[in-house]
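Welcome, and please open the model in your viewer. We will take it a selection at a time, with a note on what to look for at each stop.

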Amino acid sequence: MSLDRRGWLAGLGASLSTLALSGCEKLATNPDVVRALSSAEGLNRRVQRLIGAGALAREYPRADITANFKANGTIDPPDADYQAMAAKGFADWKLVVDGLVERPLALSLEQLMQLPSRTQITRHDCVEGWSCIGEWTGARMSALMDAAGLKQQAKHLVLYCADTLGGAKYYETLDLVDVRHPQTILAYAMNGAPLTVPHGAPLRLRAERHLGYKQAKYVMRLQAVASFAHIAGGHGGYWEDRGYERYAGI
Amino acid sequence: MSLAPPQSLPSASVATRRRPGKVLVKRHSVVVRVTHWINAIALAFLLLSGLQIFNAHPDLYFGQQSDFGHAWLAMGAFSGGGALHGVTKVGPAVFDTTGVLGASKVNGVWTARGFPDWLTIPPQQYLALGRRWHFFFAWVFAINGAILIATGIVSRHLARDLAPTRDQLKPGHVLQEVWDHARLRFPRGEAAKRYNVLQKLAYLAVLLVLLPLMVLTGMTMSPSLDATFPFLVELFGGRQSARSIHFIVASLIVLFFLVHIAMVVLSGAWNNVRSMITGRYAIDVEPPAPGDAP
């Protein structure tokens with residue numbers, strides 16, 4: 001076989017495989033296909049909530065805490081207002097609680113620390129596949145919600161964060177069942193020390209039983225809402241707007 | 001050699017003479033045929049979307065958590081001499097896997113990624129979509145597998161057709177079959193009506209060990225299911241162990257698939273495929289006489 005023909009055949013093979021791959025790509029990313037596949041998310045959420053109900057995430061002994069807890073996503077918010085707060089050691093920082101609540105609040109870190117707290121050594125599971133064990137201390141979310149008084153119409157809690165990632169502000173949403181879970185806390189300490197910037201200073205969410213992207217860092221504001229459809233991309237979170245499941249239990 | 005219970009002896013109603021010496025017997029029930037193909041499709045999508053998910057962190061560990069830098073299996077890339085090199089580490093061994101593992105071309109551009117684009121769904125790096133595919137087919141796979149195992153128990157298909165008989169388990173017999181397989185001599189005539197012992201053991205291992213292990217290790221990677229079923233984490237020795245075992249068992253299933261396809265082709269491709277579609281399998285009425293071997 002001549003070199004020319006061999007080159008031509010190789011080229012044909014390469015373009016055919018490119019065609020097959022781009023065909024795969026089109027099918028795999030087709031919105032109708034993705035919508036059909038995403039029906040599994042509702043099934044996972046319903047089944048896992050039904051059988052899991054109030055189950056607690058496993059808590060580990062102190063000896064299991066890793067010295068090498070990976071900080072992922074934003075590790076130093078580029079936002080000027082955040083940098084200014086961090087420079088002052090978050091002295092002026094306040095957590096805003098508003099939306100569908102009876103008593104809107106603005107709490108300093110000291111005030112948050114007055115709330116009933118919880119310390120838990122849990123495993124952080126990143127959606128990428130890795131896990132790290134760390135100790136978290138924070139205000140119980142349920143106590144904070146009792147203080148604010150959720151209105152009847154409130155169905156979800158939106159967590160607005162200080163950090164901008166890839167051109168958009170980070171945010172997350174929690175359903176009330178997870179807001180009320182005893183291991184859902186707003187952590188201000190990690191491994192016995194104040195939260196550091198890479199891990200979300202001054203305040204981050206720990207909603208155990210969920211993957212890492214649910215554990216919003218740099219939390220600034222909690223808003224109780226009846227629907228999150230009008231917020232950002234409308235899917236209930238930064239990564240959710242980028243295709244990830246809002247139900248992050250799997 | 002004594003023969004198996006006559007579960008599939010050609011009776012007047014199911015056997016049709018095709019041509020002299022050949023007879024079609026009913027081999028696979030409709031449940032087995034349907035679940036077999038659903039299983040095959042689900043496993044294909046699970047494997048390829050699973051490799052997409054693996055690529056998000058192409059390192060495997062044992063234990064509860066990730067000891068970064070000490071993965072027992074790691075795929076990575078490094079630049080050198082103006083080119084990107086792919087490296088795969090398995091324990092202390094390091095392999096240059098440029099082009100396939102660690103670094104491969106995506107749309108003509110050298111890219112650092114675990115498995116190459118022709119082995120992942122979707123081809124480009126897109127973890128969120130890979131998860132959508134994976135969890136959809138995980139339900140298809142689990143429900144289908146549960147139906148197959150449950151009906152297999154109720155109909156006694158497992159006990160009757162897949163459990164090896166006492167005579168089949170004798171070491172001499174097993175060795176004889178290994179030797180026959182190695183020479184690509186497959187049972188004919190009456191002996192072809194039942195599965196041989198290697199087939200039985202392989203099918204049972206896949207159906208009752210490997211496939212359930214995939215479901216259980218998959219469940220162990222869910223933080224929510226770990227809270228509901230803490231014993232799963234204990235069983236596998238941690239979430240990262242479960243991720244490793246998930247990968248290893250998936251590899252064993254791929255290995256089974258390759259041997260399965262080779263055996264299907266070598267022992268009569270069309271006859272085997274037809275029996276898994278129509279349910280009918282052709283056998284020789286009279287076994288060949290001794291010394292008649294090809």
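Begin with two helices of chain B: α1(B) and α2(B) pass each other in a left-handed crossing. Keep in mind as you look that this is a predicted model.

**Stop 1: the first helix pair**

Select residues 30-55 of chain B for helix α1 and residues 127-154 of chain B for helix α2. Their axes come within 8 Å and cross at roughly 155°. How do the two helices run relative to each other? Angles over 145 degrees count as roughly antiparallel, and therefore α1(B) and α2(B) are described as roughly antiparallel to each other. Now colour the contact of α1(B) with α2(B) by residue class: you should find 15 nonpolar, 10 polar and one charged residues.

**Stop 2: a second partner for α1(B)**

Leave α1(B) selected and add helix α8 of chain B, residues 239-266. Here the axes are 12 Å apart and the packing angle is about 140°. That angle makes α1(B) oblique to α8(B). The crossing of α1(B) with α8(B) is left-handed.

To see the side chains at this contact, show sticks for two groups:

- From α1(B), pick B:L43, B:L47, B:G50 and B:F54.
- From α8(B), pick B:F247, B:A250, B:I253 and B:V254, which meet that group.

Which classes do these residues fall into? The contact of α1(B) with α8(B) divides into seven nonpolar residues, one polar residue and no charged ones.

**Stop 3: the domains of chain B**

Next, give each domain of chain B its own colour. In the domain assignment, domain 1 covers 16-29 + 155-284, and domain 2 covers 63-114. Taken over C-alpha atoms, the centres of domain 1 of chain B and domain 2 of chain B are 33 Å apart. The contact between them takes five residues from domain 1 of chain B and four residues from domain 2 of chain B. On the domain 1 side of chain B, the residues touching domain 2 are four polar and one charged, with no nonpolar residues.

**Stop 4: chain B as a whole**

Zoom out to show all of chain B. In the cartoon you can count nine helices and nine strands. Along its principal axes, the C-alpha trace of chain B spans about 65 × 50 × 35 Å. Chain B has 294 residues, of which 31% count as buried. Of the contacts in chain B with a separation of 6 or more, 60% come from residues 24 or more positions apart.

**Stop 5: chain A**

Hide chain B for a moment and bring up chain A. There are seven helices and 10 strands to trace in chain A. Its C-alpha atoms fill a box of roughly 80 × 40 × 40 Å along the principal axes. Of the 250 residues of chain A, 38% count as buried. For contacts in chain A between residues at least 6 apart in sequence, 70% join residues at least 24 apart.

**Stop 6: where the chains meet**

Finally, show both chains together. How many residues of each chain take part in the contact? Chain A contributes 40 residues and chain B contributes 32 residues. To find the chain A side, select α1 (3-29), α2 (31-37), α3 (39-52), β3 (117-125) and β4 (131-140) of chain A, each of which supplies at least two residues. Coloured by class, the side of chain A that touches chain B has 18 nonpolar, 13 polar and nine charged residues.

Terms used. Residues are numbered from 1 along each chain as its sequence is written. Chains are lettered from A and ligands numbered from 1 in the order in which they are written. Domain bounds come from an automatic or database domain assignment. Two residues are in contact if their C-beta atoms, placed from the backbone, lie within 7 Å. Ala, Val, Leu, Ile, Met, Phe, Trp, Tyr, Cys and Pro count as nonpolar, Asp, Glu, Lys and Arg as charged, and the others, Gly among them, as polar. Helices (H or I, at least four residues) and strands (E, at least two) are DSSP runs, numbered from the N terminus. Axes are lines fitted to C-alpha atoms, for helices over the stretch in contact, and angles run from 0 to 180 degrees between N-to-C directions. Angles under 35 degrees count as roughly parallel, over 145 as roughly antiparallel, 65 to 115 as roughly perpendicular and the rest as oblique. A crossing is left-handed if the near helix is turned anticlockwise from the far one by less than a right angle, and right-handed if clockwise. A residue is buried if 20 or more other C-beta atoms lie within 10 Å of its own, exposed if 12 or fewer, and partly exposed in between; C-beta atoms are placed from the backbone.
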